[in-house]
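Me: I'd like to learn how to read salt bridges and burial in a model. Can you walk me through it?

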Amino acid sequence: MAGTGVFAELVDGDGVFKYYSDRDWKRSSSGKSVPIINPTTRKTQFKVQACTQEEVNKAIEAAKTAQKLWAKTPLWKRAELLHKAAAILKEHKNPIAECLIKEIAKPAKDAVTEVVRSGDLVSYCAEEGVRILGEGKFLVSDSFPGNERSKYCLTSKIPLGVVLAIPPFNYPVNLAVSKIAPALIAGNSLVLKPPTQGAVAALHMVHCFHLAGFPQGLISCVTGKGSEIGDFLTMHPGVNCISFTGGDTGIAISKKAGMIPLQMELGGKDACIILEDADLDLAAANIVKGGFSYSGQRCTAVKVVLVMQPVADDLVEKVKAKVAKLTVGAPEDDCDITPVVTESSANFIEGLVMDAKQKGATFCQEYKREGNLIWPLLLDNVRPDMRIAWEEPFGPVLPVIRITSVEEGIHHCNASNFGLQGCVFTRDINKAILISDAMETGTVQINSAPARGPDHFPFQGLKDSGIGSQGITNSINMMTKIKTTVINLPTPSYTMG
């Protein structure tokens, strides 16, 4: 169970989960806590500390001190500790998965999968880091016109300093370690600000790194209200890099952060283009999986289907048949559709649905909601004047727009302010490549739904979907900078000359 066994020290005498700083679990001097509401029961499930700005400041100062020593730790030793943390994380997958079930209503099987996947990511990152960071470059000056061979340039990758990691509610463990592991293997220290929904799962994950024996001050996890410590964190002069996954908040962060490297993934309106020659059974299966898994609360969920008119009726019927088989209920029962994360999220989704209804969309199922639980809904004959055609619902509602040409589908995709991922279904690889090249998205999947992963694949968005690229290799490179040392010889020297 959460907060028991090896995790017992995470909870104070009042049942509030502590924050982590200087290799110690602490109560906040504020005396305040932040409630975490169970999306299923809509009652308070957990409470976490409401950290003060002074406590955040101390965590960052400790991280700055610890980083200097960590940067001198041999690369193999950093990797060894990451492998140890990964093993501990997977060993304790069940209590962490329980937190995910209670905090964010993640289906039971998916919750366990997230934790195991996170352990695998950490181990892979340790190995990749040893490979990438164990190599440098050697350049000679006479390769550039006008120069003799009198300068030798040695280049290597060095850490940035303190990395601030801010993951989202939907993957509070996996998208936390995707920032933590690259930062640590590269020689950085790390301050984690978890989402409120998902904070307890993140705290349990951090304890696995604590148990692995990472040095004092190297990792901190501060909890609290974004309105009180958010700007203080992101604008802190001691932060040397920010890796953020979430929504519009990221745009505000990017404007305030100053001259430091940013890694931002800010959501998407992932379009699924269905051509006339597509395998409709394959397309329907991927639309349902891509659009409704974890109740559509994924940045890479299918958010709009753009189907050629001649095959639209057949596709919609196939999707409807599969939607009818989705189970709806509690995450503990491992249902396909579980409650969305907050009541405000459910209200926003309902607003999109009512707008579509008012403007004449065809409801393929009856709209049904109980609390935060919204039944899966397919909306056919959606038009561009409907909000659902453009806005990201982050819920189990999927619009279908019928198109008369491929160009129309590409235009709709590219007219969005988002550009995370997209997909195209066709049996013609030539058409697929041409459409992929034309789509203004960071990734295009051919004959499969959008997806983040495997975790070593590059993952990036265009336009309002983000800055920079994620994926293990890209994250390690992003969390380092190049250092050069130039050896100046008194006379030109040529090999074997």
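Reply: Sure. Start with burial: buried means under 20% relative accessible area, exposed means over 50%, and partly exposed is in between. Keep in mind that this is a predicted model.

Me: Okay, so why does Lys-77 count as partly exposed?

Reply: Because its relative accessibility is 31%, and partly exposed lies between the 20% and 50% cut-offs. Glu-80 also counts as partly exposed, at 39%.

Me: What does Lys-77 form with Glu-80?

Reply: A salt bridge, with the closest N and O atoms 3.1 Å apart. Both residues sit in helix α2 (residues 75–91), three residues apart, which is about one turn of the helix.

Me: How about Glu-114 and Lys-106, buried or exposed?

Reply: Buried. Glu-114 has 4% relative accessibility, and Lys-106 has 2%. Their side chains meet in a salt bridge at 2.7 Å, N to O.

Me: How many salt bridges turn up in the whole structure?

Reply: A search finds 22. One of them links Glu-391 to Arg-387, with the closest N and O atoms 2.8 Å apart. Glu-391 is partly exposed at 27%, and Arg-387 is partly exposed at 31%. Salt bridges can also share partners: Asp-12, Asp-14 and Arg-27 are joined that way into one network.

Me: And which side chains make polar contacts with the side chain of Ser-469?

Reply: Gln-460 does, at 2.6 Å, and so does Asn-474, at 2.8 Å. Ser-469 lies in strand β25 (residues 469–470). Leaving aside neighbours within four places in sequence, the residues in contact with Ser-469 include Gln-263, Pro-458 and Phe-459.

Note on methods
Residues numbered from 1 in each chain as written. Predicted model: local features only at pLDDT ≥ 70, side-chain atom pairs only at ≥ 80, totals over all residues. Heavy atoms only, no water. Helix = DSSP H or I, 4+ residues; strand = E, 2+ residues; numbered from the N terminus. Polar contact = N/O pair within 3.5 Å; in protein donor to acceptor, adjacent residues only side chain to side chain. Contact = heavy atoms within 4.5 Å. Salt bridge = Lys/Arg side-chain N within 4 Å of Asp/Glu carboxyl O. Buried < 20%, exposed > 50% of the residue type's maximum accessible area, 1.4 Å probe, protein only.
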